[in-house]
Amino acid sequence: MSIRITVLYLVVAGLSIYAWKDWFKSLCGLILIMAIIHHEDMPTNMFDIQGFNVWNIMFLSIFLAWAFNRQREGLVWDMPRHVSILLLLYLGVIVVGFFRAVLDRSYIEWYPLKDLISEELINTIKWVLPAILLFDGCRTRKRVMAVLICILVMYLVLSAQVVKRMPLESALGGAGERIQRVRLKICSDIGYSAPNMSTILAGASWGMLAALPLVRKKKHILAILAAAGVIAFGQALTGGRAGYVAWGATGLTLCLLKWRKYLLLAPVVVILLPIVFPGAADRMLFGFGNTDASGQMDTNEYEVTSGRNLIWPHVIEKIGDSPVVGHGRLAMNRTGLTQFLGDTYGASEAFPHPHNMYLQTLLDNGILGSIPIFLLWGMMLFYSVKLFRSANHLYAAVGGLSLALMLAQLFAGIGSQYFYPTESTLTVWAAMLLALRVHVEEKQVQEVWQMQEIWNEPTLCAERQAACAPLQEALSR
């Protein structure tokens with residue numbers, strides 16, 4: 001056993017034990033560990049027992065500590081009812097889709113049932129649970145700041161690994177097949193696929209900039225700007241084109257919502273980026289401006305979309321076969337569509353999923369199952385925008401982080417990603433529910449102040465004074 005693995009085991013053991021004293025701090029440590037959760041040196045399991053790994057052990061300890069200490073800490077579940085209902089429906093869609101896959105395993109007979117349960121049910125739902133615990137425990141400004149910092153540091157550590165290991169040629173050179181293979185391998189060794197890594201970092205760089213209002217000293221401002229630059233550079237090295245589009249679209253959206261003065265810099269950025277990062281620009285424009293045999297310039301749609309232009313019409317057609325309830329989880333495989341595409345276009349085009357998160361949820365869950373998914377994301381976007389535009393610096397930072405990460409997922413989702421929770425979106429869910437917690441706390445404060453104003457009203461009748469007496473007593477304490 002290497003020294004690094006030994007140190008990791010000691011850290012995990014320490015945080016797991018410390019969770020019984022302060023589960024919230026251990027949960028913050030769990031978020032930081034997401035930067036190395038699937039690193040090539042990270043043990044996937046211990047004693048060859050499926051699911052018995054350091055992350056699961058640590059989270060189980062934190063979850064039990066949270067469950068036992070909630071009452072002692074006086075925590076009361078106060079998630080808005082409509083959000084709770086949508087979240088339960090969201091998880092219910094995942095469970096129903098899973099059972100449909102279990103009952104009809106056509107074309108996935110090769111998928112062992114225990115692996116199906118582990119990957120498509122347990123390992124899907126579990127990535128939301130840390131965010132739910134954060135929402136329940138993040139009741140003070142200090143804790144909100146701690147979570148905000150942990151999420152941003154996790155992204156910085158992740159991008160630092162990319163910058164350290166990826167050759168500069170990836171951003172400064174060309175978009176050839178060799179360098180693309182290097183990108184794919186290095187991102188995989190770090191723990192995430194290149195498209196996922198690109199999307200993760202696309203939102204993170206803007207989320208880092210959203211934290212600028214929280215600092216005043218020049219050295220802190222420079223540190224945040226440098227961190228955002230490292231994250232953006234790391235993303236440029238990944239070569240994920242969907243992530244590139246998501247980065248630009250997310251930044252433009254944030255500028256339109258609040259940072260309007262920076263729109264003046266947009267033309268400058270568009271001009272400078274291809275000069276500074278020619279390799280990333282070549283990768284982004286791959287398939288455009290090809291010269292055919294006659295010397296005419298044309299666009300290769302297959303190269304531009306990486307073959308998605310071939311599969312999306314078939315996916316849409318399959319959605320039409322069951323538009324209301326869909327086909328259940330893993331529909332791309334279970335309906336035979338993956339095999340059909342492989343037989344029709346060659347083995348290299350045997351796509352296991354649609355490479356479009358919107359088409360995937362419609363294919364799997366239909367319109368009926370997709371409604372709560374779309375509504376929950378839409379609601380979280382609304383709350384995040386409201387916080388981002390707030391004059392309160394902490395609210396703006398939390399809302400900006402949540403909004404940036406969500407927008408990056410939604411924009412990149414046109415060519416990749418999932419609505420199903422994954423390890424790459426744990427911090428997205430954490431930021432979403434952190435924004436929800438801040439929204440709930442703000443609403444509660446506003447209600448208290450409104451009641452305080454009512455109490456101080458000179459014309460208040462005796463009956464209303466009596467009704468407000470308990471609140472007045474609480475405020476006086």
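**Figure 1. Contacts of threonine 124 in the predicted model**. Beyond the neighbours within four places in sequence, threonine 124 is in contact with Ile94, Glu119, Arg329, Tyr420 and Pro421. Threonine 124 belongs to helix H5, which spans residues 113-125. A polar atom of the threonine 124 side chain lies 3.3 Å from the backbone oxygen of glutamate 119. Threonine 124 counts as buried because its relative accessibility is 2%, below the 20% limit.

**Figure 2. Surroundings of cysteine 138 and cysteine 150**. The structure holds zero disulfides. For cysteine 138, the closest cysteine sulfur is that of cysteine 28, at 7.5 Å, which is too far for a bond. The sulfur of cysteine 150 likewise has its closest cysteine sulfur in cysteine 28, at 4.2 Å, again too far for a bond. A disulfide would require the two sulfur atoms to lie within 2.5 Å. Cysteine 138 is buried, with a relative accessible area of 1%, and cysteine 150 is buried at 11%.

**Figure 3. Lining of the largest pocket**. The largest pocket has a volume of about 1400 Å³. Its lining comprises 46 residues, of which Trp206, Trp247, Gly251, Val269 and Leu273 are the closest to the centre. Two or more lining residues come from each of helices H10 (194-210), H11 (218-238), H12 (241-257), H13 (266-276), H14 (278-284) and H20 (393-412). Helix H13 gives the most to this lining, with eight residues. By residue class, the lining of the largest pocket divides into 36 nonpolar, seven polar and three charged residues.

Notes. Residues are numbered from 1 along each chain as its sequence is written. This is a predicted model: local features need pLDDT of at least 70, side-chain atom pairs count only at pLDDT 80 or more; totals for chains, interfaces and linings use all residues. Side-chain values use heavy atoms; hydrogens and water are left out. Helices (H or I, at least four residues) and strands (E, at least two) are DSSP runs, numbered from the N terminus. Buried means under 20% relative accessible area, exposed over 50%, partly exposed in between (1.4 Å probe, protein chains only). A polar contact is a pair of N or O atoms within 3.5 Å; within protein, one must be able to donate a hydrogen and the other to accept it, and residues adjacent in sequence count only if both atoms are side-chain atoms. Contact means heavy atoms within 4.5 Å. On a 1 Å grid over the protein atoms alone, a cavity is a set of points where a 1.4 Å probe fits but cannot get out, and a pocket is an open set with protein on both sides within 12 Å along at least five of seven lines; lining residues have an atom within 4 Å of a point. Grid points are joined across faces, edges and corners, and a volume is the space filled by probe spheres set on the points. Ala, Val, Leu, Ile, Met, Phe, Trp, Tyr, Cys and Pro count as nonpolar, Asp, Glu, Lys and Arg as charged, and the others, Gly among them, as polar.
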